[in-house]
Amino acid sequence: MSAARNPRRSRTFRLITIAASGMGSFVLGLWWLRFALGDNIGGMSGEAVSAVIAGLCALAASIAAMSFFAGVDESADFVFNETHYDKLTGLLARPAMVGKIAEAASATARTGKPMFLIDIDIDRFKQINDAIGYSNGDALIRAFTARLKAALPRDMVIGRIGAGEFAVLYPDQMLRCSLDTLIERLIHDLMRPYQLPSHQQSVNVSVGVVAMPKDGYDPVVLLRRSNLALQNARASGIGDWAVFQPEMGRVADHRQWVESELHIAFERGDFDLHYQPQLDLTSGRVVGYEALIRWRHPERGMIPPIEFISVAEETGMIAPIGEWVLRKACTDARLLPEDCFVAVNISPVQFMTRDFVGIVERIIKDTGIEPKRLELELTESAMMQDRERAAFILKQLTEMGISVAVDDFGTGYSNLAYLIDFSFHKLKIDRSFVSRMETDSNSGAVVSTIVGLSRALGVRTIAEGVETENQASLLRAAGCQEVQGYFYGRPAPLSLGDPALTQGTEGIASVH
């Protein structure tokens, strides 16, 4: 490894190397002179010249050997530092930290003294790094590291195990307060804004904790479990932390099974659509059906959408599954009365695919459904990922004659300015407000406000999750126009023999 590539080469080693090279060049020069001039060099005899050259050769060889072994020693030291320490922070790198965790686990097994592994992660660090630039991102990591070290006792074992992820080994006997207090204080310190060269940067952190020996001895398993706790904390809210529980492992294993099984299930044809009726409150007539995906596994039975939709989004399977749902719903619409529409939920990931509008156009053309009989339900978060692009897509869909409903309205963004920019036709009141209307006057006020807002915007309202007659009466009194829920009908497969498809409300009971 050359000195130019190894800034840790010492000055002494460089001098030895230069001396060895110079001496070697000098000896070669003497040999050339002897070859050119014979034995008569400076009046010296041939024996004397040979002795001088031999002595110089021995000296050059000894210097070269010193240079070699010094280089081997420094190269070994350099490789050790390169593989054991993080260049940016000087903390232990992931391989070295795994080794330290293994040592700690072995020590706890011998002594019985507990040791905590604390996993700390900067939420969305990749997005932050992309937004502020890599130089600012490096500055943030260095500042974060300095603050982390300052918040912990001296000589604490700390490692950087990911781009924005850090691990700390904290012996139980070094705790001067409760673990809760320690972690809360640590989170508070680490979430204070950081002054970077160009601006002040705020971050959120999540923390996961495992305890040795309670949670195991294998360093890889311990890191996996600390990360599971961290992910659980992140799902719970900003700046939260969690201690590993065995249930987290079972959830993760189930999620892994779902991920590995999704593609097979799609190819095998496990998926089907059930439909839930939507009624007009004034006339009592069924005006549409919402298509809801169902996964019936041949061995595990019915798997609810909440368990696989998010996995499908993360793995990219939502694209083929979402397109299949849209195509089947439009095909099944032929079983519905001519004056009924079919509503299809669109995933945020699916909505932002490159050719979403083109896919919708092709499906409408292939199935022959009238665009006005298709309603696409989108959440607020789906439309807010890229407001400009979302507004353009919604405008295209509206121009095609497709209806758009804002799903789960009231649970997303508090800034309602987007309602002015986007083309949509319906606000869907979230079930969380409907379920509390009978006992919470504030929920009723929220529903009334949403209805009033929809009237001002010139769009319709529909409430989901209606389960009692009293809820239906309150919604009618508030001015809500459409409803759906178990009170009117549970999701069920469509079939030509369903009376609900040909008889208004009289046939609703058949799809309960």
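**Exercise 1. Find the residue that follows helix α14 and state the sign of its phi.**

Solution. Step one: locate the helix, bearing in mind that helices (H or I, at least four residues) and strands (E, at least two) are DSSP runs, numbered from the N terminus. Helix α14 covers residues 387-400. Step two: move on to Gly401, which follows α14 and has a positive phi, near 95°.

A word on the ground rules: residues are numbered from 1 along each chain as its sequence is written. This is a predicted model, where local features need pLDDT of at least 70, side-chain atom pairs count only at pLDDT 80 or more, and totals for chains, interfaces and linings use all residues, while side-chain values use heavy atoms, with hydrogens and water left out.

**Exercise 2. Compare the span of α14 with the expected one, then work out where its buried residues sit.**

Solution. Step one: take the expected span, 1.5 Å times one less than the number of residues. With 14 residues, α14 reaches 20 Å from its first C-alpha to its last, close to the 20 Å expected.

Step two: pick out the buried positions (buried is under 20% relative accessible area, exposed over 50%, partly exposed in between, with a 1.4 Å probe and protein chains only). They are Ala390, Ala391, Ile393, Leu394 and Leu397. Looking down the axis of α14, these buried residues stay within an arc of 165° (taken from the directions from the helix axis to the C-beta atoms), so they line one face. Glu388, Phe392 and Glu399 are exposed on the other side of α14.

Step three: ask what the buried residues pack against, with contact meaning heavy atoms within 4.5 Å. Their partners include α12 (356-367), β12 (374-379) and β13 (403-409).

**Exercise 3. Lay out the five-stranded open sheet and place α7 on it.**

Solution. Step one: write the strand order, counting two strands as paired if DSSP finds at least two bridges between them. The order is β2-β3-β1-β6-β7, with mixed pairing. At the edges sit β2 (157-160) and β7 (241-243), each pairing on one side only. From one strand to the next, the twist averages 15°.

Step two: zoom in on β2 and β3 (residues 165-171), an antiparallel pair with four bridges. Here Ile158 has Val168 in β3 as its bridge partner.

Step three: add helix α7 (residues 219-236), which lies across β1, β3, β6 and β7 and runs at about 140° to β6. For such angles, axes are lines fitted to C-alpha atoms, for helices over the stretch in contact, and angles run from 0 to 180 degrees between N-to-C directions.

**Exercise 4. Sort three salt bridges by where their partners sit.**

Solution. Step one: apply the cut-off, a side-chain nitrogen of Lys or Arg within 4 Å of a carboxyl oxygen of Asp or Glu. The structure holds 26 such bridges.

Step two: start with Asp215 and Lys214, whose closest N and O atoms are 3.0 Å apart. Asp215 is buried at 5% relative accessibility, whereas Lys214 is exposed at 60%.

Step three: Glu259 and Arg255 meet at 2.9 Å, N to O. Because they are four residues apart in helix α8 (residues 246-268), about one helical turn separates them. Glu259 is partly exposed at 33%, and Arg255 is partly exposed at 28%.

Step four: Lys428 bridges to Glu464 at 4.0 Å. That pair links distant parts of the chain, 36 residues apart, with Lys428 in strand β14 (residues 426-429) and Glu464 in the loop between β15 and α18. Lys428 is buried at 0%, and Glu464 is buried at 6%.
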